[in-house]
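Visitor: I would like to go through a structure with you, step by step. May I start with the charged residues and then change topic as I please?

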Amino acid sequence: MQLGSRQIAIQNETLRALIRELGDECNRVLELVHQLQLPDLQDGQKADILAELNASTIHLHTHCDEDLQEAIATELEQLSDD
């Protein structure tokens, strides 16, 4: 399920976009993990999948930086205590 098809309940437009991108990349990682579970993969196929998985994990690592954490914290501070 793509996050882009549903509204994200976040007020800050930048944070909403970052969360959508994060979800998309997480979906990509799951797709790659599922591909690694396929039977009878050739070494070349495994290498391609692992290379893409490596790129995705690097992207996730750089995406989940201090700016994202601060944006999430700011959004949390704006929530009511209900």
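Guide: The conversation below concerns this model, which is predicted.

Visitor: How many salt bridges does the structure hold?

Guide: The structure holds two salt bridges.

Visitor: Which residues are linked in the network of salt bridges?

Guide: The network links Arg-28, Glu-31 and Glu-52. Arg-28 pairs with Glu-31 at 3.0 Å, N to O. Arg-28 also forms a salt bridge with Glu-52, with the closest N and O atoms 2.0 Å apart. That second pair links distant parts of the chain, since Arg-28 lies in helix α1 and Glu-52 in helix α2 (residues 43–63), 24 residues apart.

Visitor: Why can side chains of opposite charge pair at all?

Guide: They can pair when their charged atoms come close.

Visitor: And how far apart are Glu-31 and Arg-28 along helix α1?

Guide: Glu-31 and Arg-28 are three residues apart in helix α1, so about one helical turn separates them.

Visitor: How exposed are the members of that network, Arg-28, Glu-31 and Glu-52?

Guide: Arg-28 counts as partly exposed because its relative accessibility is 25%. Glu-31 is partly exposed as well, with a relative accessible area of 39%. Glu-52, at 36% relative accessibility, is also partly exposed.

Visitor: Let us turn to Glu-25. Is Glu-25 buried or exposed?

Guide: Glu-25 is buried, yet it has no salt bridge. Glu-25 belongs to helix α1 (residues 13–36).

Visitor: What is the nearest side chain of opposite charge to Glu-25, and how far away is it?

Guide: It is Arg-28, which is 6.1 Å away from Glu-25. A salt bridge requires a nitrogen and a carboxyl oxygen within 4 Å.

Visitor: Then which side chains does Glu-25 join in polar contacts?

Guide: The side chain of Glu-25 has a polar contact of 2.6 Å with that of Ser-56. Another polar contact, of 2.7 Å, joins the side chains of Glu-25 and His-59.

Visitor: New topic: the surface. Which residues form the negative patch?

Guide: Asp-65, Glu-66, Asp-67 and Glu-70 form a negative patch on the surface. One of these residues, Asp-67, is in helix α3 (residues 66–77).

Visitor: Why does Asp-67 count as exposed?

Guide: Asp-67 counts as exposed because its relative accessibility is 56%, and the cut-off for exposed is over 50%.

Visitor: Which residues form the nonpolar patch on the surface?

Guide: That patch is formed by Ile-72, Leu-76 and Leu-79, which together have about 280 Å² of accessible area. Leu-79 is located in the segment after α3.

Visitor: Now the loop between α1 and α2: what is the phi of Asp-40?

Guide: Asp-40, which is found in that loop, has a phi near 60°, a positive value in a residue other than glycine. Asp-40 counts as exposed because its relative accessibility is 68%.

Visitor: One last matter. Where is Ala-55, and how far is it from Gln-37 in space?

Guide: Ala-55 is in helix α2. Ala-55 and Gln-37 lie 19 Å apart in space, C-alpha to C-alpha, and 18 residues apart in sequence. Ala-55 is partly exposed, as its relative accessible area is 46%.

Key:
Residues numbered from 1 in each chain as written. Predicted model: local features only at pLDDT ≥ 70, side-chain atom pairs only at ≥ 80, totals over all residues. Heavy atoms only, no water. Patch = residues over 30% accessible without salt bridge, like charges linked within 9 Å, V, L, I, M, F, W, Y side chains within 5 Å. Areas by Shrake-Rupley, 256 points an atom, 1.4 Å probe, with all protein chains shown as cover. Lys, Arg positive; Asp, Glu negative; His and termini not counted. Charge placed at Lys NZ, Arg CZ, Asp CG, Glu CD. Helix = DSSP H or I, 4+ residues; strand = E, 2+ residues; numbered from the N terminus. Buried < 20%, exposed > 50% of the residue type's maximum accessible area, 1.4 Å probe, protein only. Polar contact = N/O pair within 3.5 Å; in protein donor to acceptor, adjacent residues only side chain to side chain.
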